[in-house]
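Trainee: I'm new to this one. Could you take me through one part of it slowly?

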Amino acid sequence: MGAIKVDGKSDRFSILKKRLEAAIPEMELREYEPMARHTSFRIGGPVRMMALPRTKGQAQTLLRLAAEQGVAPFFLGNGTNLLVADRGYEGLAVKLAGQVNREEFYQIREVNRRLLGGGGVLLSQLANAAWGRNLTGLEFAQGIPGTVGGAVVMNAGAYGGEIAQVLCSVTVLEPDGTERTLSVEACGFDYRQSVFTGGRQLIIEAAFALAPGSGRDIKARMEDLSARRRAKQPLDLPSAGSTFKRPKGHFAAALIEQCGLKGAAVGEAQVSEKHAGFVVNRGAATAEDVRRLMDLVRETVLRETGVLLEPEVKLLGF
Ligand SMILES: Cc1cc2nc3c(=O)[nH]c(=O)nc-3n(C[C@H](O)[C@H](O)[C@H](O)COP(=O)(O)OP(=O)(O)OC[C@H]3O[C@@H](n4cnc5c(N)ncnc54)[C@H](O)[C@@H]3O)c2cc1C
């Protein structure tokens with residue numbers, strides 16, 4: 001896997017690597033990084049190049065140089081809604097690096113009664129920070145395993161709450177590195193989608209408008225929701241959460257179960273026996289197993305119920 005092929009595409013990455021090393025020597029760059037290390041499915045072949053900027057300045061230079069080289073980056077969050085092909089992805093993945101409350105993409109701060117979270121902050125960390133400040137509104141997000149960036153893109157939600165209800169603005173870097181702040185109205189939020197779904201802008205921070213609340217009530221609500229998750233979801237096996245979006249007027253899991261597909265498997269990928277809305281990796285599932293199982297589920301549900309399921313999980317490298 002390590003050898004650099006000398007075709008036009010790979011050459012572009014070799015040039016980009018040299019330019020990045022010269023311009024931002026302190027930024028970590030990895031070649032042929034296995035994506036299985038970065039996805040909650042524990043599946044995925046190597047990405048040609050992964051860049052891990054720690055500061056806004058690094059990210060701006062990275063985006064600008066990638067654009068000059070004609071490379072459109074893929075922005076990676078915590079990889080919890082992602083299926084990467086077994087052969088990997090011949091591209092550039094950008095992952096925000098740092099540690100909570102050290103580097104800027106991992107800062108949690110309160111400004112003018114708004115709670116701000118860097119793009120790499122986990123929702124669980126942000127929800128806990130809100131609880132610590134007696135701020136209510138993010139309890140729904142505590143059990144969603146994504147980052148602030150991924151959650152904004154997906155308009156992540158659970159138990160009646162969703163990002164669109166609490167977000168007030170989001171700060172992004174445009175493909176040329178320019179910083180821009182968008183109001184919630186400009187985010188085009190809909191069910192599990194936003195204007196960021198196309199993947200052009202890198203989300204580096206989001207601000208949330210929360211209300212004062214009782215710490216005890218906030219904690220009790222978070223505990224109740226995590227108990228409900230543990231009872232219903234196959235959290236002991238690798239997955240990417242709900243495989244399909246909720247079709248209007250239906251529940252994906254109920255339709256899948258109704259078609260007798262609970263427990264159905266292709267290779268090591270299985271429709272969870274605990275929650276038919278999840279496809280799980282029983283151990284050594286390949287991306288191809290998962291994709292074929294998703295196709296089987298979609299075809300069967302369409303044939304038997306007339307409802308077309310739309311994947312919620314994002315596919316990369318297929
Ligand atoms: C066990 C489990 C339970 C889950 N439960 C829920 C749930 O209750 N509700 C729910 O909505 N989801 C749920 N999910 C799915 C997932 O956690 C969410 O979709 C989450 O928002 C994805 O965030 P992420 O950081 O992991 O994004 P990734 O999976 O890394 O990426 C998702 C998308 O966001 C983009 N992206 C990520 N970060 C950035 C950034 N900084 N800038 C620009 N684009 C970016 C990616 O390019 C990709 O298109 C669950 C997943 C698992 C594994």
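Trainee: What should the 19 residues of helix 8 span at 1.5 Å a residue, and how far apart are its end C-alpha atoms?

Mentor: First, a bit of background. This is a predicted model, so local features need pLDDT of at least 70 and side-chain atom pairs count only at pLDDT 80 or more, while totals for chains, interfaces and linings use all residues. Residues are numbered from 1 along each chain as its sequence is written.

Now, helix 8 covers residues 287-305. Helices (H or I, at least four residues) and strands (E, at least two) are DSSP runs, numbered from the N terminus. The expected span is 1.5 Å times one less than the number of residues, so helix 8 should span 27 Å, and with its end C-alpha atoms 26 Å apart, that agrees. Right after helix 8 comes G306, with a positive phi near 80°.

Next, look at what helix 8 leans on. Its buried residues (20 or more other C-beta atoms within 10 Å of their own, with C-beta atoms placed from the backbone) include V290, L293 and M294. They pack against strand 4 (82-84), helix 7 (252-258), strand 16, strand 17 and strand 18 (278-281); contact means C-beta atoms within 7 Å.

Three of those partners bring us to an open sheet of four strands, in the order 15-18-17-16, with antiparallel pairing; strands pair if DSSP finds at least two bridges between them. Strand 15 (239-242) and strand 16 (265-266) stand at the edges with a single partner strand each, so one side of each has no neighbour in the sheet. Two bridges join strand 16 to strand 17 (residues 269-271), and A265 has Q270 as its bridge partner there.

Conventions. Buried ≥ 20, exposed ≤ 12 C-beta atoms within 10 Å, placed from the backbone. Contact = placed C-beta atoms within 7 Å.
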